[in-house]
Amino acid sequence: MENSLPILIFALIFMIFSINSGMVKLADAQGKTWCVAKPSSSEAELTENINYACGELRDCRLIQPNGGCYSPNSYINHASVVMNLYYQSKGRNTWNCDFKNSGLISTKDPSYYGCQYL
């Protein structure tokens, strides 16, 4: 027991440092998370994700021309928007952002001018 005290103290100090530095932060202040496409995803993967999410959602006007999230007109942007809509609509479960390992859960709101992520 006496030998484990230094280890316990080190672990507590590490946890406090980690929490204060933001390393342990899992979500924003309201506990909100978003789903976005991995930057390393291929165009084919992103297209498949867009098609799947839009098929499930039945409304992808946001990423169509004149939609609030059309610009920038890129696969990664459009996929991230609809992947997040799908993720939010399914209850924000980690498995609803997997998309064959091409999705990431973000704790930072990815919204940008003109495009509000739910």
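This passage describes helix α3 of a predicted model, together with the core, the loop residue and the cavity associated with α3 or its residues. Residues are numbered from 1 along each chain as its sequence is written, and side-chain values use heavy atoms, with hydrogens and water left out. Because the model is predicted, local features need pLDDT of at least 70 and side-chain atom pairs count only at pLDDT 80 or more, whereas totals for chains, interfaces and linings use all residues.

Helix α3 comprises the 15 residues 75-89, where helices (H or I, at least four residues) and strands (E, at least two) are DSSP runs numbered from the N terminus. The end C-alpha atoms of α3 are 21 Å apart, in agreement with the 21 Å expected at 1.5 Å a residue, the expected span being 1.5 Å times one less than the number of residues. The helix is mostly covered, since 12 of its 15 residues are buried, that is, under 20% relative accessible area, with exposed meaning over 50% and partly exposed in between (1.4 Å probe, protein chains only). The buried residues of α3, among them Val81, Val82, Asn84 and Leu85, pack against β1 (34-37), α2 (43-57) and β2 (103-106).

The largest nonpolar core has 21 residues, of which Ile63, Val81 and Val82 touch the most other members; such a core is a set of buried Ala, Val, Leu, Ile, Met, Phe, Trp, Tyr and Cys residues joined through side-chain atoms within 4.5 Å. At least two residues of this core come from each of β1, α2 and α3, and α3 gives the most, with 7 residues. When neighbours within four places in sequence are left aside, Val81 is in contact (heavy atoms within 4.5 Å) with Leu62, Ile63, Cys69, Cys115 and Tyr117.

Beyond the helix, Gly91 follows α3 and has a positive phi, near 100°. Asn96 is placed in the loop between α3 and β2 and counts as buried because its relative accessibility is 10%. Residues up to four places away in sequence not being counted, Asn96 touches Tyr86, Tyr87 and Lys90.

The largest cavity holds about 40 Å³ of space, a cavity being a set of points on a 1 Å grid over the protein atoms alone where a 1.4 Å probe fits but cannot get out, and lining residues having an atom within 4 Å of a point. Its volume is the space filled by probe spheres set on the points, which are joined across faces, edges and corners. The lining consists of Leu62, Val81, Asn84, Leu85, Gln116, Tyr117 and Leu118.

How values were computed. 1 Å grid on protein atoms, 1.4 Å probe; cavity = no way out; pocket = protein on both sides within 12 Å on 5 of 7 lines; lining within 4 Å.
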